[in-house]
2 protein chains.
Amino acid sequence: MGLSASAHDEATEVALRALVEPRRRAILRLVVDTELAAGEIAERFEVTRSAVSQHLTVLKSAGLVTERREGTRRLYRARPAGLAGLREFLDGMWVTSLDTARGMVEAERGINDGA
Amino acid sequence: MGLSASAHDEATEVALRALVEPRRRAILRLVVDTELAAGEIAERFEVTRSAVSQHLTVLKSAGLVTERREGTRRLYRARPAGLAGLREFLDGMWVTSLDTARGMVEAERGINDGA
DNA sequence: GGCTTACGTTAGCAGACACTAACGTAAGCC
DNA sequence: GGCTTACGTTAGTGTCTGCTAACGTAAGCC
């Protein structure tokens, strides 16, 4: 252990793969402060409802949205808690980097020299 | 503006696409607190140096690592500042969600019912 | 100049993924 | 029961992407 990916990294993996698709991020932003039906979401994009439905399935199984049924409609809402794992990953990067902050100046030079 | 993806989202896009690949996250973790040469990084994986080199190119152009030349060797180090955009994206999700926190209980019920 | 070391780069291939079109299903109305 | 509405699901397709193998290149040694 240590070299291989830890178990809790799997949640990060799923969230990341869900977020990498621009349309899924757009959908997520849409339902972050409003609850919307699948059809209402689909209307705002120029793709078929089928495509949106598939995106919603991915977001749902990644724990990034919740689904609530109301008659024949299915209402979706963002579930920010699903981003917790990814957040920890980023925090880990920052914290660890503080230990090597002294080397950052040279490192920054490196990225500017590169062309 | 508002509905379409904002310009600063492009940095998030690049960082996200770089991070979605598990091997690139592993590489990143490797150089987060140590500076390593490309060959040294490649030795820790069971893929060709070529593959690792391509991953490093992606990470570099995403601003997630810096490159420093030392003779024939090229030393890499993580650059956590490259994660700032993604961090803002996540923060935005959290902050916005606080406005709709009252609805979270019902939303949570939704994800548990689903099966 | 020739050799080795340590890389990046390119061509080509296999698998993953987002999409459309067609079909299946459950709820509500008549 | 039959119809419509509002969805998800499946089959099939074009495109992207991570990989290997082969080649190109720059630095250091003799």
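Which element gives the most to the surface near DNA strand C? In this predicted model, H4(B) does, with 6 residues.

**The two DNA strands**

Around DNA strand C there are 23 residues, and those that come nearest are A:Gly71, B:Ala37, B:Ala38, B:Gly39 and B:Ser53. Two or more residues each are given to this surface by helix H4 (49-61) of chain A and, from chain B, by helix H3 (38-43), helix H4 (49-61) and strand S3 (73-78). DNA strand D is surrounded by 21 residues, of which A:Ala37, A:Ala38, A:Gly39, A:Ser53 and B:Ala51 are the closest. Here the elements with two or more residues are helix H3 (38-43), H4 and S3 of chain A, together with H4 of chain B. The largest share of the surface near DNA strand D comes from H4(A). The make-up of each surface is set out below.

| Surface | Nonpolar | Polar | Charged |
|---|---|---|---|
| near DNA strand C | 5 residues | 12 residues | 6 residues |
| near DNA strand D | 5 residues | 12 residues | 4 residues |

**Helix H4 of chain B**

H4(B) has 13 residues, which at 1.5 Å a residue should span 18 Å; the end C-alpha atoms of H4(B) are 18 Å apart, in agreement with that value. Its buried residues are B:Val52, B:His55, B:Leu56, B:Leu59 and B:Lys60. Viewed down the axis of H4(B), these buried residues fall within an arc of 135°, so they line one face of the helix. An α-helix has 3.6 residues a turn, so residues three or four places apart point the same way. On the other side of H4(B), the exposed residues are B:Ser50, B:Thr57 and B:Ser61. The cover over the buried residues of H4(B) includes helix H1 (9-19), helix H2 (22-30), H3, strand S2 (65-70) and S3 of chain B. After H4(B) comes B:Gly63, with a positive phi near 75°.

**Strand pairing in chain A**

Strand S1 (residues 36-37) of chain A runs antiparallel to strand S3 (residues 73-78) of chain A, and 2 bridges join them. Within this pair, A:Ala37 has A:Leu75 in S3(A) as its bridge partner. A:Ala37 is also one of the residues closest to DNA strand D. Strand S2 (residues 65-70) of chain A pairs with S3(A) over 6 bridges, again in the antiparallel sense. One of the partnerships with S3(A) is that of A:Arg69 and A:Arg74. The hairpin of S2(A) and S3(A) has 2 residues between the strands, and in it A:Gly71 takes a positive phi near 70°. A:Gly71 is among the residues that come nearest to DNA strand C.

**The sheet of chain B**

Chain B holds an open sheet of 3 strands in the order S1-S3-S2, with antiparallel pairing. Strand S1 (36-37) and S2 of chain B stand at the edges; each has a single partner strand, so one side of each is left without a neighbour in the sheet. S2(B) and S3(B) run antiparallel and are joined by 6 bridges. Among the bridge partners, B:Glu70 is matched with B:Arg73 in S3(B).

**B:Arg87**

Where does B:Arg87 lie? Its place is in helix H5 (residues 84-99) of chain B. B:Arg87 has 19 other C-beta atoms within 10 Å and is therefore partly exposed, since a residue counts as buried at 20 or more and as exposed at 12 or fewer. B:Arg87 and B:Thr12 are 75 residues apart in sequence, while their C-alpha atoms are 8.6 Å apart in space.

Conventions
Residues are numbered from 1 along each chain as its sequence is written. Chains are lettered from A and ligands numbered from 1 in the order in which they are written. This is a predicted model: local features need pLDDT of at least 70, side-chain atom pairs count only at pLDDT 80 or more; totals for chains, interfaces and linings use all residues. A residue is near a molecule or strand if its C-beta atom, placed from the backbone, lies within 6 Å of it. Helices (H or I, at least four residues) and strands (E, at least two) are DSSP runs, numbered from the N terminus. Ala, Val, Leu, Ile, Met, Phe, Trp, Tyr, Cys and Pro count as nonpolar, Asp, Glu, Lys and Arg as charged, and the others, Gly among them, as polar. Two strands pair if DSSP finds at least two bridges between them. The expected span of a helix is 1.5 Å times one less than its number of residues. The arc is that of the directions from the helix axis to the C-beta atoms. Two residues are in contact if their C-beta atoms, placed from the backbone, lie within 7 Å.
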